[in-house]
Amino acid sequence: EFVGWFSNKDCTSDSAISSNAKVNDSILTDSDGDGELDTLDLYAKWNYSYVYVDPSSRNTAWVATDENRGFSPNQALLTVEEAKKYLQGNDKAKYVYLLSTAILDGSSSVNNPSEISDKSIYGDGTNSVIVMRHSTSLDQPLFTITSAGSAITLKNVIIDGGAIWDENGAAGTNSGLRATSVLINAFNESFYTKLILDENVVLQNNDKEYTSLQNYTETGSGIFIQGELTSNSNTNQIRTCCGIRGCAIQLFNNSKLNFYKGIIGGSSAKDANCSKMAGAAINCDYVTTPSNPGAEVILGSATNASDGSDVKISYNKCLSDGVVVIFGYSTLKAYNITISNNSGNRRCSGLYISRNSEGEVSGSFIKNNELTQSEPGGSVYVDSDSTLKMSDVEISSNVHSNGPGAAIYLDSTWLNVYLNNVTLKDNSSSSSGSDIYNYGNLYISGK
């Protein structure tokens with residue numbers, strides 16, 4: 001949309017509606033008030049609704065010229081930050097189509113479009129920048145974090161994998177793009193990364209295809225991280241991401257998740273060609289020795305609130321082993337969270353704690369989750385030398401429609417579960433043990 005003609009001063013300012021470097025015309029005017037006519041260049045300005053960005057162009061002798069204005073794939077810009085200049089002033093949706101992986105390294109300058117990477121990505125505070133996967137980047141993360149020092153921060157941005165779901169969401173059929181990579185890759189074998197979701201950050205619609213016998217580099221669909229991930233706001237959401245495990249968040253090694261506030265919803269761990277489909281919302285595994293402990297997961301903000309409002313994990317689906325999987329010498333501390341309306345086929349429809357892990361849950365709700373396959377299980381499943389402590393928790397209206405267990409299932413004599421002021425009600429099993437099905441050491445106190 002053409003906006004009008006502007007002087008070069010207006011065109012190059014940070015508050016420009018959008019900037020075209022090309023001089024389209026000039027006039028004679030006494031611009032400096034000295035009584036003599038001066039030549040003043042005029043610039044055409046356009047209101048952009050979408051811009052193409054191709055960071056890989058830096059490898060093909062990309063040169064910043066008048067023609068690199070981002071409005072077509074063959075005239076793409078280099079960075080998301082540069083693209084935002086073209087989107088300023090647009091009061092509608094602002095789309096950035098990524099043709100290749102954008103590097104986030106925490107150091108580059110947004111004033112130099114020939115820089116190889118972006119700084120932390122911020123929207124303008126009025127309308128979120130929508131970063132979209134393009135059909136040319138199906139096998140690449142949309143963002144790759146390469147910073148070992150400073151944290152990368154996302155704010156006011158929507159990162160979209162391009163899947164178009166039917167009415168069943170990520171558990172249904174996708175008529176859009178299907179990728180073989182995550183939205184954000186924050187994994188590096190040499191160092192730990194840091195990623196902060198500040199506010200109004202949404203990761204969504206990534207349908208990650210199973211391609212081979214999976215290894216750790218092929219898991220995750222939303223975020224795959226070795227390092228520290230923090231979410232600070234209820235406006236942050238990771239949703240409708242699909243893959244084989246860790247669909248919203250996959251943690252590797254002794255990573256740390258500080259998900260103080262936010263929503264993880266509508267993601268699905270499913271693939272007909274893979275039997276290991278766990279952790280539709282959060283998954284931490286691969287580490288199984290005391291000398292190399294697993295992940296540390298913190299959900300909620302440890303306040304006096306107990307309405308489950310800090311973190312909501314809902315409407316996720318898994319074919320095996322739970323929506324939140326704490327595994328392999330990992331730890332969980334959860335305060336004021338809700339795990340609800342999730343579904344699972346096998347063993348667990350909610351929280352799964354296994355393989356020498358420890359969990360503490362307080363002031364929270366686990367409700368309306370459903371398990372369907374004909375073997376024992378529940379919305380909370382504990383096994384393999386693990387420990388779970390729960391206090392002031394309501395576990396209600398969970399259903400196992402085809403087997404024993406529904407609320408809590410304890411699947412080993414080598415485990416300890418402590419329940420203090422835990423309410424179990426309206427849980428339903430087609431067989432037995434609708435509230436508690438116990439093979440372990442169970443300690444109950446309070447009311």
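Visitor: Why is Phe 187 called buried?
Guide: The relative accessible area of Phe 187 is 12%. Buried means under 20%, exposed means over 50%, and partly exposed lies in between (1.4 Å probe, protein chains only). The value of Phe 187 falls under the 20% limit, so the residue counts as buried.

Visitor: On what kind of model does this rest, and how are residues counted?
Guide: This is a predicted model, in which local features need pLDDT of at least 70 and side-chain atom pairs count only at pLDDT 80 or more, while totals for chains, interfaces and linings use all residues. Residues are numbered from 1 along each chain as its sequence is written, and side-chain values use heavy atoms, with hydrogens and water left out.

Visitor: What is the mean confidence of the protein, and where is confidence lowest and highest?
Guide: The mean pLDDT (the predictor's confidence in each residue, from 0 to 100) is 81, and 77% of the residues reach 70 or more. Confidence is lowest in helix α1 (residues 8-12), with a mean of 45, and highest in strand β26, with 97. Helices (H or I, at least four residues) and strands (E, at least two) are DSSP runs, numbered from the N terminus. Over residues 9-23 the pLDDT is below 50, and this stretch has 47 contacts (heavy atoms within 4.5 Å) beyond near neighbours in sequence.

Visitor: What makes Phe 187 and Phe 224 a stacked pair?
Guide: The program counts 13 aromatic pairs. Rings of Phe, Tyr and Trp (its six-membered ring) pair if their centres lie within 6.5 Å; planes under 30 degrees apart are stacked, over 60 edge-to-face, and the rest tilted. The centres of Phe 187 and Phe 224 are 5.0 Å apart and their planes are at 15°, so the pair is stacked. Phe 187 lies in the loop between β12 and β13 (193-197) and Phe 224 in strand β15 (residues 223-225), so the pair ties together parts that are 37 residues apart in sequence. Phe 224, at 2% relative accessibility, also counts as buried.

Visitor: Why is the pair of Tyr 409 and Tyr 439 called edge-to-face?
Guide: The angle between the planes is 65° and the centres are 6.4 Å apart, so the pair meets the edge-to-face rule. Tyr 409 lies in strand β34 (residues 408-410) and Tyr 439 in the loop between β37 (436-438) and β38 (441-445), so parts that are 30 residues apart in sequence are tied together. Tyr 409 is buried at 3%, whereas Tyr 439 is partly exposed at 45%. Ring pairs join Tyr 409 and Tyr 439 with Tyr 352, Tyr 381 and Tyr 437 into a cluster.

Visitor: How do you know that Asp 207 and Arg 178 form a salt bridge?
Guide: A salt bridge is a side-chain nitrogen of Lys or Arg within 4 Å of a carboxyl oxygen of Asp or Glu. The closest N and O atoms of Asp 207 and Arg 178 are 3.5 Å apart, so the pair qualifies. Asp 207 lies in strand β14 (residues 201-207) and Arg 178 in the loop between β11 (157-160) and β12 (184-186), so the pair ties together parts that are 29 residues apart in sequence. Asp 207 is buried at 5%, whereas Arg 178 is partly exposed at 34%. The count of salt bridges comes to seven.

Visitor: What makes Arg 347 and Asp 321 a salt bridge, and are the residues buried or exposed?
Guide: Their closest N and O atoms are 2.8 Å apart, so the rule is met. Both Arg 347 and Asp 321 are buried. Salt bridges with shared partners join Asp 321, Arg 346, Arg 347 and Glu 375 into one network.

Visitor: Why is helix α2 described as largely enclosed?
Guide: Seven of the eight residues of α2 (residues 80-87) are buried, so the helix is largely enclosed by the rest of the structure. Among the buried residues are Val 80, Ala 83, Tyr 86 and Leu 87.

Visitor: Why are β29 and β32 called paired strands?
Guide: Two strands pair if DSSP finds at least two bridges between them. Strand β29 (residues 358-367) and strand β32 (residues 387-396) have nine bridges in the parallel sense, so the condition is met. Glu 360 stands opposite Lys 389 in β32, and Glu 360 is also the bridge partner of Lys 333.
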